[in-house]
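Welcome to this structure! Here are some notes to read alongside it, written for someone seeing it for the first time.

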Amino acid sequence: MTKQDARKEALLKRDALSQDTIKRYSRIISEKLKALLPYKEAGNILIYASMRSEVITDEIILDALSEGKKVFCPKVIDRQNGVMMFLGVNSIKDLKKGYFGIREPEIPDGYEEPAFLGSDSVVIMPLVCFDDKKNRIGYSGGFYDRYLANHGNLKTIAIAFECQHVKGEIPVNDYDIAPDMIITEESIY
């Protein structure tokens, strides 16, 4: 199985989920995440803003903000080289449609990304599909792999639906970075 085949198959399955199912599964995943010690102890939550048929992250963002955590969402700053940075948000309203239709924060003048510390920061990342070894395939831009390669001290948790779990092993490259944990509505890997 190639990465492209695995990506295509997983997206077809995920896109076939009804909106009600996506909402229900997203709530279950959100509750599992919020019960985990790394999430509870984190002062900084670096999280994607969901789109289309992804696990909905709005509830997680709102929970983190209500718990007094600092929330940061990714912003693509260099498409050609797959570079993104995380910017602080205080509300869902801070997110505007950007690259690839993704909701992103806007960069204020003079903004410098904080130096996130692994003991206090958790990255909650998307994926298109994953295997039993927690290898993940994203949307093929390599944004998270590049970011994590430069911020190797961060805890990483990917969230996905069980239908995105691929049987067999996903082909990986040397630069692919697997998350520490993957949460679905059925399991924690």
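The points below go through a pocket and then a strand with its partners.

1. Please keep in mind that this is a predicted model. The values in this note are computed from it.

2. A good place to begin is the largest pocket, which holds about 640 Å³ of space. Its lining is made up of 29 residues, and the closest to the pocket centre are Y139, S140, G141, G142 and F143.

3. Which elements give two or more residues to that lining? They are α1 (3-15), β2 (70-78), β8 (136-137) and α5 (143-150). The most comes from α5, which gives four residues to the lining of the largest pocket.

4. You may also like to look at the lining by residue class. In the largest pocket, 16 of the lining residues are nonpolar, eight are charged and five are polar.

5. Now turn to strand β9, residues 155-159. Why can β9 be called largely enclosed by the rest of the structure? Four of its five residues are buried, so the surrounding structure largely encloses this strand. Buried here means under 20% relative accessible area.

6. Next come the partners of β9. Strand β6 (residues 121-125) pairs with β9 in the parallel sense, over four bridges. To find this pairing on the model, look for M125, whose bridge partner in β9 is A158.

7. Strand β10 (residues 181-183) also runs parallel to β9, and three bridges join the two. Here you can follow I159, whose bridge partner in β10 is I183.

Conventions
Residues numbered from 1 in each chain as written. Predicted model: local features only at pLDDT ≥ 70, side-chain atom pairs only at ≥ 80, totals over all residues. Heavy atoms only, no water. 1 Å grid on protein atoms, 1.4 Å probe; cavity = no way out; pocket = protein on both sides within 12 Å on 5 of 7 lines; lining within 4 Å. Points joined across faces, edges and corners; volume = space filled by probe spheres on them. Nonpolar A, V, L, I, M, F, W, Y, C, P; charged D, E, K, R; others polar. Buried < 20%, exposed > 50% of the residue type's maximum accessible area, 1.4 Å probe, protein only. Pairing = 2+ DSSP bridges.
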